[in-house]
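Please walk me through this structure, saying what to select at each stop and what is to be found there. I have the model open in a viewer.

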Amino acid sequence: MKFSYYIIAVTYFMAALGLSAISLVEEISAPFLIVMSSAATFSLILNLGKKELIRGAAWNVLAAAIFIFFISDYLFISESLIASASRFLTILLALKLYDLKKNRDYLIVFLLVFFQILASAASTVSPVFFLILSLFVIGIIWAMIIFNIKKDLQDSAHGSELPKMVFGLPFFFSIIAISAVSLVMTFMLFFILPRMGIGFFERKTANTLKVSGFSDRVDLGTIGPVKQDSTIIMRVELKGKAPTDILYFRGTVLDTYDGFSWNKKVKDNTLIRRGYDGVFRLTKHNGRLLEQNILLEPLDTEVFFAASMPVFVDGMFSSIWTDGTGSMHLPSPPYSRIEYKAWSAVNAPIPDKFVKAQYADASYLNSSKEGKKIIELASDITKGLSTDEEKAVSIEKYLRSNYKYTLNPAQGKGESPLEDFLFYSKEGYCEHYATAMTIMLRALNIPSRLVTGFVQGEWNSYGNYFIIRQQDAHSWVEAYIDGKGWVRFDPTPPSGIASLNKPMAVTLYLDMLRWKWNRYVIHYSFTDQQKLAKTVEGRSKNIFEKLRSSFNIQKPKGAQYLLSVLAVIIAIALTTAVFWKLIGLKSKKAKTPPFYIETLKVLKRKGISRAPQETPLEFALRTGNSNVRLITEAFHKERYGDVELAHEELEGVKTALKELKKRK
Amino acid sequence: MDYKNSYLKIALLKDNLGRVIKGKPEIIELAVTALLARGHLLIEDVPGVGKTTLAHGLAKCINCTFHRIQFTSDLLPSDVIGVTIFNQAARTFEFRPGPIFANVVLADEINRATPKTQSALLEAMSDRQVSVDKSTYKLPRPFMLLATQNPLEYSGTFPLPESQLDRFTMCIRMGYPDEAHEREIIQSTSELLMHNLTPVVSLEEVEEMQELAEKVVVEEDLVSYILAIANATRNHKGIKLGVSPRATTTLYRTAQALAIVSGRHYCIPDDIKRLSSPIFAHRIIPMEHGIEDFEGTQALMEDVINSITVPV
């Protein structure tokens, strides 16, 4: 393979990395990428054909034009630095591939790829980025080594042919080994270097997820469409295994129904500040709490979630708000992912001293046609029962067993969706069930309300967390039971709660990687560093304990400690010595000009070798060869005189070396 | 003056000297090297091989003052460095410079003088000044001392102490000329030759060349080479006393001068290898008695040099 093809291969590998890094930037559209990739591919064909592609001056003019485009893109079109810079870099890269002449041009390509990776790093949280970065590290080391060899070859008398070893497998393996070492070092630095609590460049995601059901007014039938959307809303990590009871993540509580939509009227928002123990206390509760670690995607609502009923919350918020119903919200919708911890009392009723009028408001029943029918139905179901709780349970049971769960309920002849559901189609989804139960309870003068939120999604056992998606959106009922508080009832049949499709193990595993990446790389913090240090300390202590017990060593602790310290010192000293030796050998080698090494090799093949005590001049005189004499003089100049040989001198050395090779 | 110019001057100088000292180009080269390294020369040989001629010839070639001091056992320090006498007319003490006040001084048969007189040369050689009665007098520049001694005749001599030997840059031997050259010497009229010797280098030029020599590049590895040789003399089994740091410094400076003499502005290993014997041999003390002579120490140095790896 010729040297130039080798360089082109490396360069296009890097360019491909740059393009794939840019593809991670969300604002960059697919057609743009396709155009740029095909432009790059076309340039490859031309480059292999060795044609003059773009003249230097033309390239400069084009680059200036692209720069102007970039400025206007930034100021007027996309108004986003990352998007416009990504476009700018990509166009520049594609163009530069048409102007590969000098070494400098190749280096510019690598630089552009580096900036593309930077742009991609600023805008993506995808773990694929890590793969691209690793390949980039390997590629850049590879390219730099090749370029160094090329430069050395051009400077020395060898001509520009690449030595054969560069194409061998050992060469690749050593490059990968070097890259691996540097990656490991980077990783170590990443985890060890102390970091700030807040990044310098807080990432702002423009595309927050749209969720429905958490505003002050919710139309009946809004949850249905999202039940097929598998976009992930949040991940909830638990300590240990999944609990046996289904977890409900409360969002908003709705109190007033007008026949078509639910409204929220209760709004006693209370500001909750961080307590002395550093967490936000929402309510008082004695008993077991479930600890959750929640990673919430950016949503377009300020409501945030925790398993019902949250008692403590801890996160990077300055303050949180809660309303009279026990739902939580932030001062403003978060524009980036937020991570927080919550401790919840699962299944505990939500305490409330006063029941607001709206919760028992049966005005809808009186004013509508079906009001009477509903009251009749409710009293039919609860005939003979005395307590509110018994009545609620029986309605829940009735709805669960007599109605069919479907996401596409048939249109009945009823005047409202609720009438359709209860008396005609008798099919619907969670919203219908929950609305029906709430209204029926109100018909019986039992205060009740509709709650929207999420149920637990699929359990990822690889990372011990729930994946909660749009399709896990749910609504249920809370009824006020005297002496207890607000108790949760869920009239939806279990088939409506279970996830629609079971994900494959691979999907779960990949999601786990994504979760860990986010947890340990994107959100890696100083606290985590302290935790890591503590874990390492604990683990090492454990290992020492185990070693001690397995060898049954009962020596005094001091000696043991001294021994281990000694071992560490010896290990460090050995490593340093090896490195020193390697570095020492390298620097010595580098001093001798390659043409002299070559000469010595040629002479050795002819049976004449230099004794170590012999000076080069003595050796040259011993060979009695005028060519050797000439080469030795040039060698003296370069090696001891620190003189860079002139071109004619180098040519002279080259011819002398050729002559030397020729003779016998 | 650059090194190319000085190479021409030195070639002229060597050529000129070659007219009076026939068949000894290496000796001439070493003498010139010692001159450029601001050194002094100890010539150890039997009488009549041209030691004096070398000193005289060198002085004539660079057009400078030349004094010859014949060392005998009754020579006093004041006979060498000068004396302070009372001037009746001016009613003051006046210093009368001795024969040491010259650019080139030949101390003939230096080992015949008493140690007291020998040591009078110490300050002159190392500091290029003499102190008489609390006053210090600078010697002319450049200053070079050539001393001779007879290696065979030891009766009534005072062998030079180590401290004195250490101050001589090199110790060389003239050796007999080969037959052809000796024939030439016999047939020529040496006095006339010496008389006809014309100066080719000025004193200023010598000083410039000395300054140039100090700027010669010595690669780091070559310094290591010097140190390796010095260390080997210190650790050699057959050597009781190795060379001093003054000796290694001298080797460094002299190698620089030899590079100039060879027309280079940088040292090569050969400069060091070639000079290490003349510079180090007379400074080491062998373990065994009896090989303290020139050949014995030379052989030891050869042994040392041939054990050191040359940096390539």
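Begin by displaying chain B and chain A together: in this predicted model, the two chains bury about 1500 Å² between them, with 56% of that area on carbon and sulfur atoms. Within chain B, select Tyr266(B), Asp270(B) and Val312(B), which lose the most area to chain A and together account for 38% of what that side buries. If you then widen the selection to the whole contact, you should have 19 residues from chain B and 19 residues from chain A.

Turn next to the polar side of this interface, where the rule finds 3 salt bridges and where 8 residue pairs, both members at pLDDT 80 or more, are in polar contact. One place to zoom in is Arg639(A), which forms a salt bridge with Asp221(B), their closest N and O atoms lying 2.5 Å apart.

Now colour chain B by element: α10 (220-235) and α12 (269-280) are the elements that give two or more residues to the side touching chain A, and α12(B) gives the most, with 3 residues. By residue class, that side of chain B divides into 11 nonpolar, 4 polar and 4 charged residues.

For the last stop, select Val201(B), in the loop between α8 (190-196) and α9 (203-214) of chain B. Is Val201(B) buried or exposed? Its relative accessible area is 2%, so Val201(B) counts as buried. Leaving aside neighbours within four places in sequence, its contacts include Lys9(B), Leu13(B), Ile62(B) and Met209(B). Cys61(B) is another of these contacts, and its C-alpha atom is separated by 6.6 Å from that of Val201(B), although the two residues are 140 apart along the chain.

Technical notes:
Residues are numbered from 1 along each chain as its sequence is written. Chains are lettered from A and ligands numbered from 1 in the order in which they are written. This is a predicted model: local features need pLDDT of at least 70, side-chain atom pairs count only at pLDDT 80 or more; totals for chains, interfaces and linings use all residues. Side-chain values use heavy atoms; hydrogens and water are left out. Contact means heavy atoms within 4.5 Å. Buried area is the accessible area (1.4 Å probe) that two parts lose on being put together, summed over both. A salt bridge is a side-chain nitrogen of Lys or Arg within 4 Å of a carboxyl oxygen of Asp or Glu. A polar contact is a pair of N or O atoms within 3.5 Å; within protein, one must be able to donate a hydrogen and the other to accept it, and residues adjacent in sequence count only if both atoms are side-chain atoms. Helices (H or I, at least four residues) and strands (E, at least two) are DSSP runs, numbered from the N terminus. Ala, Val, Leu, Ile, Met, Phe, Trp, Tyr, Cys and Pro count as nonpolar, Asp, Glu, Lys and Arg as charged, and the others, Gly among them, as polar. Buried means under 20% relative accessible area, exposed over 50%, partly exposed in between (1.4 Å probe, protein chains only).
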